[in-house]
Every structure is written in structure tokens, then in C-alpha cells.
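Here are a few exercises to work through with the model open on your screen. Try each task before you read its solution.

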Amino acid sequence: MAHVAFIGLGTMGIAMARNIIEGGHRVVGYDTNPHAVAIHTANGGIAAPSPAVAANGAGIVITMLPVGDVVTSVLLGDSGAMETLEPGTLVIDMSTINPSETDAIRYALSSKDIRMIDAPVGRTSRHAITGELLIMAGGESKDIEEARPVLECMGDSVVNCGGPGMGTRIKIMNNLMSTVLNVLTAEVLTLAEATGLDRNLTVDVLNGTTAGQGHLSTTYPGKVLKNDLSPDFMIDLARKDLAIAIEVSKELGVPLALAGKAEAMYAEAHNSNRGTQDWTALYAMLRDKHLSHRQHNT
Ligand code: NAD
């Protein structure tokens, strides 16, 4: 049985802490919201009056807090966990924060020989309740393996992301993609309705194509990720189709926020002699433009 301090018993944290308790561990919780702490004790947890008291004697300290400033103050500030943590203990920050904040916290903790894993989570609060989160763990592999029994109380998939700070970094990439796709999804369904299309039918049709299934699992694996830019579907044809959609949006008076930016990128690809390449060559273009001074992976 591990002695775990859990700081941040909000929407996500309260369920994650409960799943660790149900995994047979002793969980001492702290939150500034007394209502959250009351639920934690009703779930079988123990309450502490500060992060320092929660962390006293703990082998693992987990933080699940809204932003990096709060994670920093709870771990490193007055009455913070670092005041009582013994050298060799393990901090696991599961919040979504800026990677540079993750790096700074890890550095500060290392001055007392406290190890850190950044382990933000994918999926939703429903998955936090069922213990089926996807956990993106950054840290030394031996530390991730040591934490695995506790992490597996909260998630059904614990991914070693390749080193300290990499969990936070992949989480930000994940959320960049999902937050921007959310805007595009809302725009497409709004424009679809303006054209007179039935919404359910639109959802069904788009779920059957690259639009709904996403490029990462459909077009990219067989083309640009294999450095094959021969056209399955040409940049210039994709550009033509995007232009039609923008015309339709103008005719119907439903402005599109993202399409104009995308159009500029297809135009850039056309103007750099990529018009007859596969549409996934946009990725090759951006790598050439922004990463050519670094070492490519492929
Ligand atoms: P939340 O706002 O519901 O919970 C945060 C908790 O932290 C609250 O209970 C709050 O009282 C507590 N808190 C704030 N300041 C504190 C302090 N100084 N000391 C102790 N406790 C303090 O947020 P959430 O939805 O649980 O999200 C937590 C993190 O997980 C965020 O970084 C979020 O981006 C990330 N996340 C959330 C979801 C989701 O679906 N909600 C999914 C994946 C990742």
C-alpha cells in the first residue's frame, strides 16, 4: 500500500483520488475548497490542512490543479509539499500546464533530490470516474515503472512519452489538435445547416470520411509519414475544393474563421511547386520551412 498525497480534488482529481483509494492505497487529500475535501473523506480518504501536511510521510505526491502557477505554489510555495517531502520521493503532476513550467518545477524539486513525473491525462471526466484515463507520462523510465501501480488505478493506458517533460509536451500537442478541430467542427455543422443539410445525415457522412476520421489515422500513415508525396489526392484539387466551400460560406453569409488561413497555406504549397503533390505534403512543406535547421527524424 502506497501513501499518496493528492492535491486538487476538483472535477478530475476527486474521482482519480477515489480510484487510488479503491486500489488499496492511503490517500491524504488537500484542496482549498472544503466541499471537495468533504467528498474525499466520504470516499474513504484522509484530509490535510495544507499541501505540506498532506505530503508529510508520503511516498508519492500527485497534483491535479487548474494552472501552472497553482502547481508551483502548492509544491514549492509557503506550506507547500516540498517543505515536508523527503529526498527520493516522487511528485506526479497530472495537471495540464505549460511545459516550461513543468521543467522549472522539476528543476526546483531536484535541488532536494525529489523526483518528478509529468503525467497529464487525455479523455474526459467520465473516464476519470471509470478509471479509464489515458495517462501521458514524462520522466525517467524507472520512475514511471515505480509509479505505474498507482497510475493504473486512474487510467487504463499509461504511455511512456520519452523523457522528463514529454508528457506535458504531448498533452499540449493533443489539445492543440482537439481544440482547433472543435472550432472547425462547429463551423462545418453551422454551414451545413445553412445549406439546408440535415445535421444527423451530415454527421453520419462526415464520420465515414477523412473529415471525421482525421488525417492522422487515414491519409498520413500511407503518404507523408512514409515520405511518399505522390498524389492520392492532389494539393491543387484540395485547394479548389476549399475555395468552393469558402464561396458557399460567402453566398450564405456564414463566415468561416479557419478556412482563410488554410487557403493561404494551400496557396503557399501551390506557389512552392507542390501543387501536384499529395495533400499531406503540407506537413513536408512546414517541416522544410520551420525545421530544416534542425535534424529531421525521417
Ligand atoms: P477543477 O477546476 O474542477 O479542479 C481543480 C481543483 O483545484 C479545484 O477543486 C480547486 O478548488 C483546486 N485548487 C485550486 N487552487 C488550489 C490550491 N491553491 N490548492 C489546492 N487546491 C486548489 O479542474 P479539473 O477539471 O479537475 O482539471 C484539473 C486539470 O486537469 C486542469 O489542468 C485541466 O486542464 C486538466 N484536465 C481536465 C479535464 C476535464 O475533462 N475536466 C480533462 C483532462 C485534463
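**Exercise 1.** Which residue stands opposite Leu134 in S8?

*Solution.* Start at the bridge itself: Gly122 faces Leu134 of S8. Next, place the two strands: S7 and strand S8 (residues 133-137) run antiparallel and are joined by two bridges. Strands here are DSSP runs of E with at least two residues, helices are runs of H or I with at least four, and both are numbered from the N terminus. Two strands pair if DSSP finds at least two bridges between them.

A word on the source before going on: this is a predicted model, in which local features need pLDDT of at least 70 and side-chain atom pairs count only at pLDDT 80 or more, while totals for chains, interfaces and linings use all residues. Residues are numbered from 1 along each chain as its sequence is written, and side-chain values use heavy atoms, with hydrogens and water left out.

**Exercise 2.** In what order do the three strands of the open sheet with mixed pairing lie, and which are the edge strands?

*Solution.* The order reads S7-S8-S9. Strand S7 (121-122) and strand S9 (155-160) are the edges, each pairing on one side only. Now add the helix: H8 (residues 166-194) lies across S7 and S8, at about 130 degrees to S8. Such angles run from 0 to 180 degrees between N-to-C directions, with axes fitted to C-alpha atoms, for helices over the stretch in contact (heavy atoms within 4.5 Å).

**Exercise 3.** Why is one side of S3 and of S6 left without a neighbour in the sheet?

*Solution.* First write down the strand order of this open sheet of six, S3-S2-S1-S4-S5-S6, with parallel pairing. Strand S3 (46-47) and strand S6 (115-118) stand at its edges with a single partner strand each, so one side of each has no neighbour in the sheet. For S3, look at strand S2 (residues 26-30): the two pair in the parallel sense over two bridges. At one bridge, Val28 has Ile46 in S3 as its partner. Finally, find helix H4 (residues 68-76), which lies across strand S1 (3-7), strand S4 (60-63) and strand S5 (90-93) and runs at about 155 degrees to S4.

**Exercise 4.** How many helices and strands does the protein chain have, and what share of its residues is buried?

*Solution.* Count the elements: 14 helices and nine strands. Then take the burial: 40% of the 298 residues are buried, meaning under 20% relative accessible area with a 1.4 Å probe, protein chains only. To finish, the C-alpha trace spans about 65 × 45 × 30 Å along its principal axes.

Technical notes:
Buried < 20%, exposed > 50% of the residue type's maximum accessible area, 1.4 Å probe, protein only.
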